[in-house]
Structure formats: C-alpha cells, structure tokens
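Dear colleague,

Please find the structure below, together with its sequence. I should be grateful if you would read the notes that follow alongside it.

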Amino acid sequence: MLAIIGGSRLSQLPILQITHRQIVRTPYGDPSCALTFGQIAAQSVVFLARHGYGNSIVPHEINYRANIWALHSLGVRQVIAIASVGGIRPDLAPGRLALPDDLIDSSWGRKHTYHEGQGVAVQHVDFAQPYDNALRQQLLAAAQQAGVDVADGGVYACTQGPRLETAAEVRALSRLGADIVGMTGMPEAALARELGLAYASLCIVTNWASGLGGQQAAANFNPAIIAGSTDQLQRILQAL
Ligand code: HPA
C-alpha cells in the first residue's frame with residue numbers, strides 16, 4: 001500500500017475516495033491524527049496529515065517516529081511526502097513543483113531515530129541517497145503522463161522553524177548547496193529509511209526563500225499560485 005503524507009497546504013486530499021479512518025497507536029506515542037484510507041484511481045492509499053487535521057502541530061513538535069511507525073505497521077512500503085518549501089534556486093519559483101534528490105538537515109532536538117535506547121544495537125543506516133530513486137522515477141513518469149512540470153532533483157534543506165529563515169541563513173544554505181528550504185523533511189526521511197520504507201518528497205514551492213524574490217517577505221504566500229500547484233500535484237497522484 002502507498003502512503004501519502006500531506007503537508008501544511010494539504011491536510012486533506014480531495015481526490016481521495018475515502019473508505020474509512022483508523023486510529024493507530026505506536027510504542028512512540030500517537031501519530032499526528034487518525035489515518036485515512038481510500039482509493040486514488042485504482043491505487044489503495046493511506047493518507048496522514050502531518051500537522052494534524054486542524055493544521056495545529058508545529059514542525060518541531062510533530063511526532064515523526066509515531067507517524068512513520070504507524071504507516072509501517074499498516075503494511076505501507078512506499079511513502080510520498082508532500083511538503084511546502086521556499087525556493088532558493090532561481091528556477092524554483094513559487095508555484096513550481098520539485099522532487100528533491102538529496103537533503104541537508106539543519107533541524108535539531110527532534111526525536112530522530114528508532115536506533116537508540118538501552119538494549120538497542122548500534123546501527124548506522126545508509127543515507128547517501130535519502131530519497132528512493134525508484135519512487136522518484138514513478139512520480140516523474142506520472143507527472144509526465146499528467147502533463148505537469150516537476151523539477152527533477154535538487155537539495156532540500158530542513159530548518160527548525162517555526163520561524164522563517166533570515167536572509168543570511170538562506171545565503172548560507174545556498175552556498176552549502178541547498179535549492180529549496182522547508183521545515184518537515186527531517187527526521188521523516190531518515191526514519192522511513194530506518195524502517196526500510198521507500199520515501200520520496202514532492203515539494204510545492206510556495207514562496208521565495210527569505211531575502212530572495214525582491215521586497216516580498218517569504219511569509220507572503222500567493223493563495224492563487226498555491227491552489228494551482230496543489231491541483232497539479234493531485235493530477236500527478238491520480239496518474240500514479
Ligand atoms: N522556509 C522554510 N519552510 C518553508 C518555507 C520557507 O521559506 N516556505 C514553506 N515552507
């Protein structure tokens with residue numbers, strides 16, 4: 001079964017034909033909300049709103065371990081993570097979709113591993129390529145079929161939030177190689193890897209990152225642009 005984790009711009013998935021909801025408990029606590037089951041075209045899907053249904057959980061307080069554990073315990077093997085990001089690379093303008101192929105983690109203080117605690121063997125998962133390439137190719141093929149433009153590749157930087165970055169922080173991230181910046185990509189991707197789930201992130205560029213895009217503040221989202229890219233994103237999911 002395929003899982004879709006919805007971000008702050010997508011706490012519900014209108015194209016999902018819902019069959020039922022289920023509350024799942026885990027050894028790591030409760031996921032962000034009940035899981036929603038249904039179909040998108042012929043595909044069985046479980047949907048999880050990362051910030052909760054009311055969009056009330058801030059990035060650093062999301063229980064990423066419970067979310068990923070819950071999906072794994074339901075037999076999910078593939079996770080498509082939807083996330084809003086700020087654009088840093090000049091071609092990643094607001095409204096564009098991006099499928100990153102690498103990441104830089106600047107988040108801190110989050111519960112970020114299952115491999116800790118007494119009696120747990122030391123394990124270092126391979127994370128050189130944090131996103132699953134087969135799933136990325138599947139998404140690119142679906143985008144092509146749906147006639148939707150998606151930027152193939154790019155480096156996602158995860159910041160702590162909930163505040164937006166300073167202009168200097170964005171310049172520094174850019175020099176480190178970051179192309180987009182968000183707040184929720186980690187530890188989600190690493191936890192999925194620890195449990196052997198294929199994970200890819202489909203990102204909606206909602207704004208220019210701080211200091212870019214002229215005078216416009218990064219927090220100034222244009223709702224019409226975002227509605228357009230949310231629509232495109234759903235067309236990709238329908239073509240999977
Ligand atoms: N920075 C961090 N996270 C974000 C941004 C941003 O500019 N836009 C949407 N999520």
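The notes below concern one helix and then several backbone features.

This is a predicted model, in which local features need pLDDT of at least 70, side-chain atom pairs count only at pLDDT 80 or more, and totals for chains, interfaces and linings use all residues. Residues are numbered from 1 along each chain as its sequence is written, and side-chain values use heavy atoms, with hydrogens and water left out.

Helix 2 spans residues 133-146; helices (H or I, at least four residues) and strands (E, at least two) are DSSP runs, numbered from the N terminus. Leu135, Arg136, Leu139, Leu140, Ala142, Ala143 and Ala146 of helix 2 are buried, that is, under 20% relative accessible area, whereas exposed means over 50% and partly exposed in between (1.4 Å probe, protein chains only). These buried residues cover an arc of only 160° around the axis, which puts them on the same side of helix 2; the arc is that of the directions from the helix axis to the C-beta atoms. On the other side, Ala134, Gln144 and Gln145 are exposed. Just after helix 2, glycine 147 has a positive phi of about 70°.

Two cis peptide bonds deserve your attention: glycine 161 to proline 162, with omega about -5°, and methionine 186 to proline 187, with omega near 10°. Proline 187 sits in the loop between strand 10 (180-182) and helix 4 (188-194).

Alanine 41, although not a glycine, has a positive phi of about 55°. Alanine 41 is exposed, at 58% relative accessible area.

Yours sincerely

Conventions
Expected span 1.5 Å × (residues − 1).
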